[in-house]
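Here is a short guided tour of one protein model. Keep the picture open as you read, and look up each residue when it comes up.

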Amino acid sequence: MSSSNSSSTPTDRVAKQRGIHTRCNCGEAVSHFTSKTVRNLGRLFHRCPMGSEMDKTHLFKWTDKSVVEEIEDFQDLFDVLLVDNIEFQKSVRAGETMMKGHESKIEEMEDAIAHCEEKITECIRELRIIKALFVCCLVMVFMYLAYA
Ligand SMILES: [Zn+2]
């Protein structure tokens, strides 16, 4: 992960580069080395082939500092992802609550439909009885008219 500011001066640009870079701003590929100086013996660094520790126009960075920057940038990203995950979890819980509400409504509607089906069956049964009574009355009227 890396970042740079294109509106800065070349000196600032090199100083503000964060993380581990594979190329210098001049376009040269960055190489990795191990310091042999007494002050930083064994310390890893990476630099542009055109640069040095004192030359601020080309990339020179201590690798341990770059790694720390990478970790810091990753931590920032991780914090953002953590917040996003918390928001996502809240959304999932809200969705689950809403779904339970819908399931409850569906059960109520299913009960209402079952009740309506019972009422329809009862109405059909009553209509059959009324039909039978009507036919019976009709037969009695015909018999009355026929034998009266
Ligand atoms: Zn360079």
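## The zinc site

Start at the zinc ion in this predicted model. Four protein atoms act as its donors: SG of Cys 24, SG of Cys 26, SG of Cys 48 and ND1 of His 58. They lie 2.1 to 2.3 Å from the zinc ion. The angles among the four donor atoms run from 102 to 116°, and the site is tetrahedral. For comparison, the ideal angle for four tetrahedral donors is 109.5 degrees.

Now follow the donors along the chain: their spacing reads C-x1-C-x21-C-x9-H. Cys 24 and His 58 link distant parts of the chain, 34 residues apart. Cys 24 sits in the loop between α1 (10-16) and β1 (31-34), while His 58 belongs to the loop between β2 (44-47) and β3 (60-62).

Are Cys 24 and His 58 buried or exposed? Both of them are buried. Cys 26, another of the zinc donors, is partly exposed because its relative accessible area is 41%, between the cut-offs of 20% and 50%.

## The sheet and its helix

Next, find the strands. Three of them form an open sheet in the order β1-β2-β3, and their pairing is antiparallel. β1 and β3 are the edge strands, each pairing on one side only. On average, neighbouring strands of this sheet are turned by 25° against each other, direction ignored.

How many bridges join β1 and β2? Their antiparallel pairing runs over four bridges. You can also look for two histidines here: His 32 stands opposite His 46, which is in β2. Helix α2 (residues 63-147) packs on the sheet and touches β1, β2 and β3. The direction of α2 makes about 75° with that of β3.

## A buried asparagine

Look now at the loop between β1 and β2, where you will find Asn 40. Why does Asn 40 count as buried? Its relative accessibility is 12%, and buried means under 20%, so Asn 40 falls in that class. Leaving aside residues up to four places away in sequence, Asn 40 touches Ser 35 and Trp 62.

## Cysteines and disulfides

One last check concerns the cysteines. A disulfide is a covalent bond between the sulfur atoms of two cysteines. Here the count of disulfides comes to zero, with a pair needing its sulfur atoms within 2.5 Å to qualify. Cys 123 is a further cysteine to look up: with a relative accessible area of 44%, Cys 123 is partly exposed.

Key
Residues are numbered from 1 along each chain as its sequence is written. This is a predicted model: local features need pLDDT of at least 70, side-chain atom pairs count only at pLDDT 80 or more; totals for chains, interfaces and linings use all residues. Side-chain values use heavy atoms; hydrogens and water are left out. Donors are N, O and S atoms within 2.8 Å of the metal (3.2 Å for Na, K and Ca); water is not among the atoms, so sites may look incomplete. Four donors count as tetrahedral if all angles lie between 85 and 135 degrees; four count as square planar and six as octahedral if opposite donors are over 155 degrees apart and all others between 65 and 115; anything else is irregular. Buried means under 20% relative accessible area, exposed over 50%, partly exposed in between (1.4 Å probe, protein chains only). Two strands pair if DSSP finds at least two bridges between them. Axes are lines fitted to C-alpha atoms, for helices over the stretch in contact, and angles run from 0 to 180 degrees between N-to-C directions. Contact means heavy atoms within 4.5 Å.
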